[in-house]
Amino acid sequence: MRRGLIAWSKTELPKDVFEARLRRLRAAMAGKKLDAIVLYTNNTRAAAVSWLTAFVPYWAEGLLVVPLEGDPLLTMAFSNRVVGWGKGVSCVARFEGTPRVGLAAGKHLTDARARTVGVVDLDTLRAAVAGDLAEAAPDAQLVDASALFEEVRTAPDAAEIALAAKAGAIAQRALSQVTGSESQIGDAIAAAEGQARLMGAEE
């Protein structure tokens, strides 16, 4: 459960980490002759886009468009009043709010003249979003890019290893607060979660 602001820690994840990940992805895209790649995000499917941008949505859905060349775009189903917040907690060249993210992403693909477009988890992309994407980018051929992204994503970088180690330390300390003498499960959860929050856990 998300509580409070999940911020982008530029100390733990500096900009050059995301730049290196983007280069890795683009090298893989070039190898498969993809002009662009599209990744979906929402509050239950945040990992892929977060790995490339640091952005974690609390609500709504969005698409990250990464062209082989040019600026990536993260478009979220946000009103203008929260776009500034989104920009402040993400490492992406362009961040836009729109009620129909598929149309915005498709326009970006069209502007980039992308013809062969990889979509991560294409089979599970929400039908309305996929329809808007196809409408705004009628010349683009959408192909599944799940295996490509998995291959790029599997190899951890130093920053990811450090964060995993920190998360493990937080988990161990939090679980050590559960003594087994709690009369209700809620008491055990509260003890563990309270310690995790004190140590900086955000989610």
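This is a short dialogue on reading the sheet and a pocket in a predicted model.

Student: Let's start with the sheet. In what order do the six strands run?

Tutor: Read across the sheet and you get β4-β3-β2-β1-β5-β6, an open sheet with mixed pairing.

Student: Why is one side of β4 and of β6 left without a neighbour in the sheet?

Tutor: β4 (94-97) and β6 (141-144) sit at the edges and have a single partner strand each, so each has one side with no neighbour in the sheet. Going from one strand to the next, the twist averages 25 degrees.

Student: And in which sense do β5 and β6 pair?

Tutor: Parallel: β5 (residues 116-119) and β6 are joined over four bridges. To find your place there, look for G118, which stands opposite V143 in β6.

Student: Which strands does helix α4 lie across?

Tutor: α4 (residues 101-111) lies across β1 (36-42), β2 (61-67), β3 (73-76), β4 and β5. Relative to β2, α4 runs at about 5 degrees.

Student: Now pockets. What does rolling a probe over the atoms show?

Tutor: A probe the size of a water molecule, rolled over the atoms, shows where empty space is left. Here, the second largest pocket has a volume of about 230 Å³.

Student: Which residues lie nearest the centre of that second largest pocket?

Tutor: L22, P72, C91, V92 and A93, out of 15 lining residues. By class, the lining has ten nonpolar, two polar and three charged residues.

Student: Which element gives the largest share of that lining?

Tutor: α1, with four residues. α1 (15-31), α2 (47-53) and β2 each supply at least two.

Definitions and conventions. Residues are numbered from 1 along each chain as its sequence is written. This is a predicted model: local features need pLDDT of at least 70, side-chain atom pairs count only at pLDDT 80 or more; totals for chains, interfaces and linings use all residues. Side-chain values use heavy atoms; hydrogens and water are left out. Two strands pair if DSSP finds at least two bridges between them. Axes are lines fitted to C-alpha atoms, for helices over the stretch in contact, and angles run from 0 to 180 degrees between N-to-C directions. Contact means heavy atoms within 4.5 Å. On a 1 Å grid over the protein atoms alone, a cavity is a set of points where a 1.4 Å probe fits but cannot get out, and a pocket is an open set with protein on both sides within 12 Å along at least five of seven lines; lining residues have an atom within 4 Å of a point. Grid points are joined across faces, edges and corners, and a volume is the space filled by probe spheres set on the points. Ala, Val, Leu, Ile, Met, Phe, Trp, Tyr, Cys and Pro count as nonpolar, Asp, Glu, Lys and Arg as charged, and the others, Gly among them, as polar.
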